[in-house]
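Hi,

Here is the structure we talked about, ready for you to open. Have a look at it first, and then read on for my notes.

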Amino acid sequence: MKKFFKEFKDFITKGNILDMAIGIIIGGAFSAVVTALANKILMPIINAVLSYITNGQGLYTILFHSQLASDAEIAAATETGTALTIGPDNLYYTRLFYIDWSAFFEAIINFIFIALTLFIILKVVQYVAKKQAELKARLEKSHEGNAEAEPEPAPEPEEPKVDPVVALLEEIRDELKSKEEKK
């Protein structure tokens with residue numbers, strides 16, 4: 001049992017699990033931002049355009065309704081607390097089943113925004129990782145080049161230039177010395 005808890009503790013304290021938890025928390029907050037963007041900014045615009053296209057009917061399909069509630073039924077339901085269904089057309093129904101296409105479009109827009117944002121984040125992370133790897137390779141190459149390169153030998157000192165007259169006089173001197181030694 002101790003081994004199990006030790007392994008669990010090691011698993012929990014690993015950096016990867018903590019990074020994942022932080023990612024989930026940030027993802028939840030990001031999802032709220034995308035949902036607000038879709039529901040409060042984009043969907044009103046889309047609904048306005050679609051309302052113009054559908055002559056104010058909205059994006060819904062009524063599958064089944066029993067009947068429209070009359071004014072008397074509405075008054076009786078209000079007095080007794082009986083629930084009536086308000087349809088997408090703002091009319092009261094005793095029973096109503098319909099498809100709300102705008103909710104479906106909201107979900108699609110949310111998905112596209114989240115997927116697009118994650119794609120952009122992934123591309124940025126890949127770009128940074130690639131640049132980091134290139135920089136690391138360049139640094140390693142420069143360090144290897146410095147470590148393996150043999151030090152250049154010190155340049156040999158140049159012989160001083162001799163004046164031709166001095167050189168001729170030295171030759172004459174050396175010849176005279178060699179003649180004297182032969183005697």
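Below is what turned up, going from the overall fold to the pocket, the surface and the aromatic rings.

One thing to keep in mind is that this is a predicted model.

**Overall layout**

The protein has five helices and four strands. If you walk along the sequence, they come in the pattern α-α-β-α-β-β-β-α-α. As for burial, 7% of the 183 residues count as buried.

**The largest pocket**

About 230 Å³ is the volume of the largest pocket. So where do you look for its walls? The lining is made of Ile26, Gly27, Phe30, Ile114, Leu118, Ile121 and Val125. Two helices, H2 and H4 (101-148), each supply at least two residues of that lining. Which of them gives the most? That is H4, with four residues.

**A nonpolar patch on the surface**

Helix H2, which covers residues 15-53, also holds Ile41. Ile41 belongs to a nonpolar patch on the surface, together with Leu37, Ile45, Val49, Tyr52 and Ile53. Taken together, the patch residues have about 630 Å² of accessible area. Is Ile41 itself buried or exposed? Neither, quite: its relative accessibility is 46%, so Ile41 counts as partly exposed, since that class runs between 20% and 50%.

**Aromatic pairs**

There are two aromatic pairs in the structure. The pair of Phe4 and Phe5 has ring centres 5.5 Å apart and planes at 70°, so it is edge-to-face, because planes over 60 degrees apart fall in that class. These two rings land in separate accessibility classes: Phe4 counts as exposed because its relative accessibility is 52%, while Phe5, at 48%, counts as partly exposed. The cut-off that matters here is 50%, since exposed means over that value.

Phe104 and Phe105 form an aromatic pair too, and this one is tilted. Here the rings sit 5.9 Å centre to centre, with 50° between the planes. An angle that is neither under 30 nor over 60 degrees counts as tilted. How accessible are these two? Phe104 has a relative accessible area of 45%, so it is partly exposed, and Phe105 is partly exposed as well, with 34%.

If you open the model with these residues picked out, the pocket lining, the patch and the ring pairs should be simple to find.

Cheers

Definitions and conventions. Residues are numbered from 1 along each chain as its sequence is written. This is a predicted model: local features need pLDDT of at least 70, side-chain atom pairs count only at pLDDT 80 or more; totals for chains, interfaces and linings use all residues. Side-chain values use heavy atoms; hydrogens and water are left out. Rings of Phe, Tyr and Trp (its six-membered ring) pair if their centres lie within 6.5 Å; planes under 30 degrees apart count as stacked, over 60 as edge-to-face and the rest as tilted. Buried means under 20% relative accessible area, exposed over 50%, partly exposed in between (1.4 Å probe, protein chains only). Patches are made of residues with over 30% relative accessible area and no salt bridge: like charges are joined within 9 Å, nonpolar side chains (Val, Leu, Ile, Met, Phe, Trp, Tyr) within 5 Å. Accessible areas come from the Shrake-Rupley method with a 1.4 Å probe; for residues, only the protein chains shown count as cover. A salt bridge is a side-chain nitrogen of Lys or Arg within 4 Å of a carboxyl oxygen of Asp or Glu. On a 1 Å grid over the protein atoms alone, a cavity is a set of points where a 1.4 Å probe fits but cannot get out, and a pocket is an open set with protein on both sides within 12 Å along at least five of seven lines; lining residues have an atom within 4 Å of a point. Grid points are joined across faces, edges and corners, and a volume is the space filled by probe spheres set on the points.
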